[in-house]
Amino acid sequence: MVKVVGLFVLYALLFYSANGKTHHHTFVVKSSSYTRLCTTKHILTVNGRFPGPTLRAQKGDKMIIKVYNKGEHNITLHWHGVKQPRNPWSDGPAYITQCPIQPRKKYTYRIHFTTEEGTMWWHAHLDWTRATVHGAIIIYPKRGSFTLSPPSWRGEWWKKDVMEIERNATIAGGGPLISDAYMINGQPGDLYPCSKPGTFKVTVEHGKRYLLRIVNAVMNDKLFFAIAKHKMKLVGTDGCYTKPLETNYIMITPGQSMDVLLEANRHPSLYYMAASSYFTIVDTEFDNTITTAILQYNGLYHRSPSPLMPHLPAHNQTQAATRFTKKLRSLASKDHPARVPLKVDTKLFITLSINLVNCSSKPCEGPYGKRFSASLNNISFITPSIDVLRAYYYGLDGVFDKDFPSKPPNAFNYTGNNLPQNLLTPDFRTKVTVLKYNARVELILQGTNVFEGDNHPFHLHGYSFYVVGWGFGNFNPRRDPLRFNLIDPPEQTTVGVPRNGWVAIRFRADNPGVWMMHCHIEDHQEWGMKSVFVVKDGANPQAQILPPPRDLPEC
């Protein structure tokens with residue numbers, strides 16, 4: 001499956017009858033030895049597993065997860081796609097909703113699953129720790145039977161220490177080393193050296209249907225994924241149902257999860273499941289390798305020495321990526337309605353830019369001897385020394401400002417070529433957007449060609465949202481809203497903003513608290529392409545943020 005560290009899980013038929021159950025788990029973060037690509041190194045893991053443990057629950061269940069940090073690095077955990085109603089204290093992004101869990105310390109996360117159904121994931125949310133610290137979350141329907149299938153992770157592997165890679169890139173100001181391999185369920189696949197024996201295999205019975213749960217946990221790359229000679233049927237994204245979409249391939253961005261049905265209806269044989277990068281930046285080095293797993297039919301038959309390879313779109317095939325994403329629709333049924341805000345009272349327009357800044361002494365390793373940066377509305381987010389949530393809850397001054405601009409400070413031809421040099425340098429601040437409780441929000445995310453355009457997968461914590469529109473070029477506020485889909489737009493928690501294009505999302509701000517929004521390309525987030533929504537309390541006590549837990553980590 002795709003390189004992005006992903007989850008791919010197939011399960012046997014199970015029946016659950018319990019409702020509103022509370023599940024207890026213990027996570028021990030520690031260093032563990034793993035061998036890939038002919039070499040052995042220590043990586044950060046949870047319970048010694050890579051990928052980490054899969055969490056399973058039913059809709060409406062709760063989880064209590066005790067985390068013990070026995071590693072050498074600070075850590076936090078984020079439950080990607082889980083809304084965490086009124087409880088940002090357990091959302092996880094470091095210095096946004098909590099201070100890190102320091103080595104030899106512990107913290108208990110309390111998770112409440114409400115409307116989510118399907119596949120999501122959890123991951124570390126500090127520096128590059130999520131490269132190896134991540135796992136699947138599978139939420140089953142509240143009633144009835146369902147098929148269990150193992151999560152299928154798209155991930156990646158570096159021969160060098162990932163924390164050193166991130167640290168060196170930060171010091172030097174350039175981009176980090178690209179990975180040495182993509183992986184499916186922790187294995188590179190047999191196209192890489194020393195990897196054939198460990199290649200991940202899925203055994204299927206002819207005539208049966210399987211649910212593939214796919215997560216892109218890769219740090220910086222979008223992925224194409226396909227199965228040789230087999231069509232797939234997408235039925236869910238980010239823990240939300242979609243109208244069934246038959247396809248030969250998927251394009252999945254970092255942070256996204258997808259539920260895909262597979263009919264085992266081909267001639268019994270061996271078939272590759274393969275993933276490769278979708279990369280839109282020109283003249284830039286990227287991992288152009290292919291990771292593979294094997295779909296094998298059960299039974300006695302002549303097995304070819306090499307599985308059949310699927311056709312994957314070319315690395316720069318934006319048309320192929322667009323053909324897939326433009327067909328996404330929410331289920332919009334009686335049991336799973338699309339609650340799209342038809343009217344809005346809060347409009348935001350945010351530009352996404354890659355920036356360059358001068359280095360203080362000697363030249364940096366970024367383009368033109370400069371240092372990479374990134375920004376939203378020309379604000380490159382500075383991470384504070386204590387978390388924003390604590391400062392907001394206790395009214396601490398001097399931690400953040402409440403005046404994040406609702407539109408770009410200066411309008412320009414956002415996707416034009418040869419843009420003015422002064423646009424390269426952002427303003428470095430810690431600014432948040434304050435939303436009234438129950439505000440009906442429309443947010444336009446506009447990509448720019450400042451230094452270089454890219455496809456930016458944007459993730460909003462604490463919420464799902466409806467993708468009501470998208471396009472290439474500059475958003476036109478008069479023409480483009482006329483084409484918005486307000487009937488059955490896809491409901492997601494992470495959306496890819498196309499290179500030099502835009503996306504329009506809508507949501508109701510009905511979850512009080514402090515919630516991060518950021519690009520899920522790890523480089524871009526580290527460079528400052530992130531911000532924070534502070535959603536105020538409602539009048540009813542059930543519409544107000546919960547008090548902080550007693551064991552909240554100190555900075």
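This is a short walk through a predicted model, one selection at a time.

**Stop 1: a sheet of five strands**

Start by selecting strand 26 (432-435) and strand 31 (494-497), the edge strands, each of which pairs on one side only. They belong to an open sheet of five strands in the order 26-34-33-28-31, where the pairing is mixed. From one strand to the next, the twist averages 20°. Now add strand 34 (residues 530-535): strand 26 and strand 34 run in the parallel sense and share four bridges. For a close-up of that pair, pick V434, which stands opposite V534 in strand 34.

**Stop 2: the largest pocket**

Next, select K83, T115, R339, S464 and E491. Among the 29 residues that line the largest pocket, these lie nearest its centre. The space inside is about 730 Å³. If you colour by element, look for strand 17 (240-247) and strand 32 (501-509), the elements that give two or more residues to this lining. Colouring by residue class instead splits the lining into 12 nonpolar, eight polar and nine charged residues.

**Stop 3: the second largest pocket**

Move on to the second largest pocket, with a volume of about 580 Å³. To centre your view, select G175, F279, T284, E285 and D523, the closest to its centre of the 28 residues in the lining. Which helix gives the most to this lining? Helix 4 (residues 522-527) does, with three residues. By class, you will find 14 nonpolar, five polar and nine charged residues here.

**Stop 4: the disulfides**

Show the cysteines as sticks; the structure holds three disulfides. Counting the bonded cysteines along the chain, the pattern is 1-3, 2-6, 4-5.

Begin with C38 and C194, whose sulfur atoms are 1.9 Å apart. The disulfide of C38 and C194 is right-handed because the torsion about its S-S bond is about 95°. The two cysteines come from distant parts of the chain, 156 residues apart: C38 sits in the loop between strand 2 (22-36) and strand 3, and C194 in the loop between strand 12 and strand 13. C38 is partly exposed, at 44%, while C194 is exposed, at 58% relative accessibility.

Then select C99 and C555, with sulfur atoms 1.6 Å apart. Their link is left-handed, with -65° about the S-S bond. C99 is buried, with a relative accessible area of 0%, whereas C555 is partly exposed at 46%.

The remaining pair to select is C359 and C364, at 1.7 Å from S to S. Both C359 and C364 are buried. A torsion of about -125° makes the disulfide of C359 and C364 left-handed.

Finally, pick C240, which is in no disulfide. Why is C519 not bonded to C240? The sulfur of C519 is 20 Å from that of C240, its closest cysteine sulfur, and this is too far for a bond. C240 is buried at 9% relative accessibility, and C519 is buried at 0%.

**Stop 5: some backbone oddities**

Most residues other than glycine have a negative phi, and most peptide bonds are trans. Go back to C194: although not a glycine, C194 has a positive phi of about 60°. D238 has a positive phi too, of about 55°, and lies in the loop between strand 16 (232-237) and strand 17. D238 is buried, at 3% relative accessibility.

End the tour at F50 and P51, where the peptide bond is cis, with omega near -10°. You will find P51 in the loop between strand 3 (39-46) and strand 4 (55-58).

Technical notes: Residues are numbered from 1 along each chain as its sequence is written. This is a predicted model: local features need pLDDT of at least 70, side-chain atom pairs count only at pLDDT 80 or more; totals for chains, interfaces and linings use all residues. Side-chain values use heavy atoms; hydrogens and water are left out. Two strands pair if DSSP finds at least two bridges between them. Axes are lines fitted to C-alpha atoms, for helices over the stretch in contact, and angles run from 0 to 180 degrees between N-to-C directions. On a 1 Å grid over the protein atoms alone, a cavity is a set of points where a 1.4 Å probe fits but cannot get out, and a pocket is an open set with protein on both sides within 12 Å along at least five of seven lines; lining residues have an atom within 4 Å of a point. Grid points are joined across faces, edges and corners, and a volume is the space filled by probe spheres set on the points. Ala, Val, Leu, Ile, Met, Phe, Trp, Tyr, Cys and Pro count as nonpolar, Asp, Glu, Lys and Arg as charged, and the others, Gly among them, as polar. Buried means under 20% relative accessible area, exposed over 50%, partly exposed in between (1.4 Å probe, protein chains only). A disulfide is a pair of cysteine sulfur atoms within 2.5 Å.
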